Amino acid sequence: WATLGTLDFHAPDEIAFPALPLAQEAMRAGGAVPAALNAADEIAVQAFLDGQIRFPDIPRLVAEAMDDARGASGESLEALLEADARARAFVRQRLG
């Protein structure tokens, strides 16, 4: 560490990395929203890797799934698993 000199930290570029604000929003929202973010992201990223969607579509699909999860409970494992399954189905449905 001593040979590194100084480290400079800058605010993240939310234009280049649009999922960062979504993660912050999920943390603030709580409940089932973080589980929905994770599940939706997994399905959207796989769709991108499979050539089904463009890279910019990933945060849009994740945001839509998060909106769908608002108000759902995240207070039990069962509720979180249900939110996960719902978000995965939500994104798959939008993929056609």
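The following exchange concerns salt bridges, burial and a surface patch in a predicted model.

Reader: What makes the contact between Glu 42 and Arg 88 a salt bridge?

Author: The side chains of Glu 42 and Arg 88 come to 2.6 Å, N to O, and since the rule asks for a side-chain nitrogen of Lys or Arg within 4 Å of a carboxyl oxygen of Asp or Glu, the pair is therefore called a salt bridge. Glu 42 belongs to helix 2 (residues 33-49) and Arg 88 to helix 4 (residues 77-95), so the pair ties together parts that are 46 residues apart in sequence.

Reader: Why is Arg 88 called buried, and what is Glu 42 called?

Author: Arg 88 has 18% relative accessibility, and because buried means under 20%, that value places Arg 88 among the buried residues. Glu 42, at 39%, falls between the limits of 20% and 50%, and therefore counts as partly exposed.

Reader: How do you know that Glu 64 and Arg 60 form a salt bridge, and where do they lie?

Author: Their closest N and O atoms are 3.3 Å apart, which is within the 4 Å that the rule allows, so the pair counts as a salt bridge. Both residues lie in helix 3 (residues 57-69), four residues apart, or about one turn of the helix. Glu 64, at 27% relative accessibility, is partly exposed, and Arg 60, at 41%, is partly exposed as well.

Reader: What makes Asp 68 and Arg 86 a salt bridge, and which parts does the pair tie together?

Author: The closest N and O atoms of Asp 68 and Arg 86 are 2.6 Å apart, and because the limit is 4 Å, the pair meets the rule. Asp 68 lies in helix 3 and Arg 86 in helix 4, so this salt bridge ties together parts that are 18 residues apart in sequence. Asp 68 itself has 28% relative accessibility and counts as partly exposed.

Reader: Which residues are joined into one network by salt bridges, and how many salt bridges are there by this rule?

Author: Arg 54, Asp 57, Arg 60, Glu 64 and Arg 94 form one network through salt bridges that share partners, and the count by this rule comes to nine salt bridges.

Reader: Which residues make the nonpolar surface patch, and why can Leu 4 be part of it?

Author: Leu 4, Leu 7 and Phe 9 make a nonpolar patch of about 380 Å². Leu 4, in the segment before helix 1 (19-29), has 47% relative accessibility and counts as partly exposed; because patch residues need over 30%, Leu 4 passes that cut-off.

How values were computed:
Residues numbered from 1 in each chain as written. Predicted model: local features only at pLDDT ≥ 70, side-chain atom pairs only at ≥ 80, totals over all residues. Heavy atoms only, no water. Helix = DSSP H or I, 4+ residues; strand = E, 2+ residues; numbered from the N terminus. Buried < 20%, exposed > 50% of the residue type's maximum accessible area, 1.4 Å probe, protein only. Patch = residues over 30% accessible without salt bridge, like charges linked within 9 Å, V, L, I, M, F, W, Y side chains within 5 Å. Areas by Shrake-Rupley, 256 points an atom, 1.4 Å probe, with all protein chains shown as cover.
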